[in-house]
Amino acid sequence: MADAVEVVGIARRFGSVQALAGIDLTVAQGEFFGLLGPNGAGKTTLISILAGLTRADRGIARILGHDVVSDYRQARRALGVVPQELVFDPFFSVRETLRIQSGYFGLRHNDAWIDELLHHLDLTSKADANMRALSGGMKRRVLVGQALVHKPPVIVLDEPTAGVDVELRQSLWGFIRKLNRDGHTIILTTHYLEEAEALCGRIAMMKAGRIVALDTTRNLLSRFVGLTVRLSAARLPDAWKGRLARREGAVHYLGLETYGELEGLLSALRAENIAIDELTLAGTDLEQVFLRIMAGSATTDEAQAPAAVPEA
Amino acid sequence: MTSIGSTGSHGAAQSGFATLLYKELLRFWKVSFQTIAAPVLTALLYLLIFSHVLESRVTVFNGQVRYTAFLVPGLVMMAVLQNSFANASSSLIQSKITGNLIFVLLPPLSPLVMYGAYVLGAMVRGLVVGLGVFAVTLGFVPALIDLAHPLWAAAFALLGSAILATLGLIAGIWADKFDELAAFQNFLIMPLTFLSGVFYSIHTLPPFWQVLSHFNPFFYMIDGFRYGFFGLSDVPPGRSLALVAAAALVLALAALTMLARGWKLRH
């Protein structure tokens with residue numbers, strides 16, 4: 001089975017800026033994949049190369065085995081892209097926009113699917129409204145609809161929830177999840193790291209045109225100690241002294257791998273009659289991982305950076 | 001994944017072409033007051049003013065044709081050319097500047113499909129405006145309905161609109177800003193149109209300007225088109241047709257090459 005996306009040695013320079021410095025990446029069919037990184041990391045350039053909007057200086061990119069340059073028709077038919085910028089054609093209504101987009105992909109009788117899209121995107125009541133009359137969030141959802149008119153097996157969403165309010169964001173993600181369950185491969189870039197953490201099975205983190213971390217979301221989260229315990233007590237149980245990460249007066253910081261270990265810590269405290277003045281737990285979230293990886297890759301040689309881990 | 005009523009590769013190209021053409025037609029039709037009615041009115045004003053001022057003072061084709069009658073094919077062709085150019089160029093530049101060109105760049109539309117749809121859409125606008133101008137001016141010169149060589153007129157109208165539509169496409173691809181497009185229009189298209197013999201026969205010009213006019217490709221479009229009306233022309237119509245057809249072909253190849261390379265469209 002061909003990979004949904006296969007990128008080999010893709011590089012692209014814009015003037016003096018090396019937007020992509022040789023990217024290798026494979027996304028299997030059916031994955032929900034996250035592409036994260038600060039602004040200017042090269043995410044949108046990579047997506048543009050996959051979509052045929054930008055040409056690579058070197059390297060190969062394929063969508064479902066179809067080269068995006070030499071076999072662009074098949075590659076583009078297999079790909080749906082929600083662009084980052086809020087663009088629309090002011091001459092047309094929502095339904096006209098979706099019908100026209102269907103026609104570009106060779107689909108003449110697509111109204112049943114267009115109606116379904118309008119329903120899922122909560123746009124049914126706006127079907128005949130001119131694009132100009134829509135709010136930003138509605139325009140964003142029309143863009144999602146346009147990317148999906150041809151039911152592409154591979155869907156790329158570049159910051160799809162920017163400007164969409166919380167309630168609609170939830171329903172949008174419900175819909176995208178359903179598409180993923182139905183077998184569509186989803187590639188997502190987002191600034192909302194909690195979204196990536198909740199949705200993506202695997203994540204690539206990019207910085208300055210390179211992939212600096214590529215792993216399953218679970219592995220990325222566990223790469224740094226899972227839990228931090230902040231314990232205020234007179235002392236630590238003897239068996240736990242070796243686990244002390246940091247101490248500020250009576251406040252002890254301990255790293256735990258799992259919640260299960262917490263039970264052992266509490267038993268040890270009870271057994272040695274140590275009173276707990278205060279205890280708080282902090283989990284690792286993707287934001288912490290992201291910040292540490294971005295910081296790490298800035299200062300360390302890439303090969304030694306904790307972030308530069310080969311693909312799992 | 002369910003599949004929907006998709007057509008084969010050939011059918012998809014047909015549908016892509018038909019859709020992009022439909023989009024281009026719908027685009028100008030939705031603002032037809034501005035894109036059709038306004039240029040027809042402009043041409044009518046030209047006719048009223050120029051014919052009023054010059055009818056008794058200018059002799060064309062050795063007096064075989066009234067000046068007002070002479071002026072009509074020029075104005076019709078000018079409307080065809082200007083509106084063909086305006087449609088393709090403004091559609092492209094608007095899509096580029098607002099960013100919605102991405103909707104055309106993401107689907108699997110071939111360079112030929114894009115070229116064909118943009119150019120044909122622009123030709124339709126040019127020809128509709130030209131027909132509108134012709135219909136209105138018939139009120140002043142009813143005898144013009146009897147064209148001497150209608151097929152010659154049609155051939156020059158089609159080729160002329162194709163050339164200007166292609167130039168509009170090229171200008172729209174090239175320009176990054178509205179003022180660059182305006183420069184293309186004001187410093188190239190307008191002078192070539194006004195100096196092409198819309199308002200005069202080049203035989204009335206001093207020799208130097210007559211020679212220079214022969215280097216203006218627009219002159220052959222107007223002259224050949226006028227031949228279709230009166231059977232009279234400044235240069236043999238066959239020569240004009242060959243030159244105009246050659247220009248259409250060269251420009252089409254240039255535009256297709258730009259689209260195939262993604263010049264200024266795919267970065």
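Me: How are helix 6 of chain B and helix 10 of chain B oriented relative to each other: roughly parallel or roughly perpendicular?
Reply: Good place to start! This is a predicted model. To judge a pair of helices, look at the angle between their axes; angles under 35 degrees count as roughly parallel. Here the axes of helix 6 (residues 150-174) and helix 10 (residues 237-261) of chain B cross at roughly 30°, and therefore the two helices are roughly parallel to each other. Their axes come within 9 Å, and helix 6 of chain B passes helix 10 of chain B in a left-handed crossing.

Me: Which residues meet where helix 6 of chain B touches helix 10 of chain B?
Reply: Look for side chains on the facing sides. From helix 6 of chain B, they include Trp152(B), Phe156(B), Leu159(B) and Ile163(B). Helix 10 of chain B brings, among others, Leu241(B), Val244(B), Leu251(B) and Met258(B). Sorted by kind, the residues of this contact are 21 nonpolar, two polar and no charged.

Me: How many helices and strands does chain B have?
Reply: Chain B has ten helices and zero strands, so its element order from the N terminus is simply α repeated: α-α-α-α-α-α-α-α-α-α.

Me: Why can chain B be called as compact as a globular protein of its length?
Reply: Compare its radius of gyration with a rule for globules. The value for chain B is 20 Å, close to the 18 Å that the rule gives for 267 residues, so chain B is as compact as a globular protein of that length. Its C-alpha trace spans about 75 × 35 × 35 Å along the principal axes.

Me: What percentage of the residues of chain B count as buried?
Reply: Of its 267 residues, 47% do.

Key. Residues numbered from 1 in each chain as written. Chains lettered and ligands numbered in written order. Predicted model: local features only at pLDDT ≥ 70, side-chain atom pairs only at ≥ 80, totals over all residues. Helix = DSSP H or I, 4+ residues; strand = E, 2+ residues; numbered from the N terminus. Rg over C-alpha atoms; globule rule 2.2 N^0.38 Å. Buried ≥ 20, exposed ≤ 12 C-beta atoms within 10 Å, placed from the backbone. Axes fitted to C-alpha atoms, helices over the stretch in contact; angles between N-to-C directions. Parallel < 35°, antiparallel > 145°, perpendicular 65-115°, else oblique. Left-handed = near helix turned anticlockwise from the far one by under 90°. Contact = placed C-beta atoms within 7 Å. Nonpolar A, V, L, I, M, F, W, Y, C, P; charged D, E, K, R; others polar.
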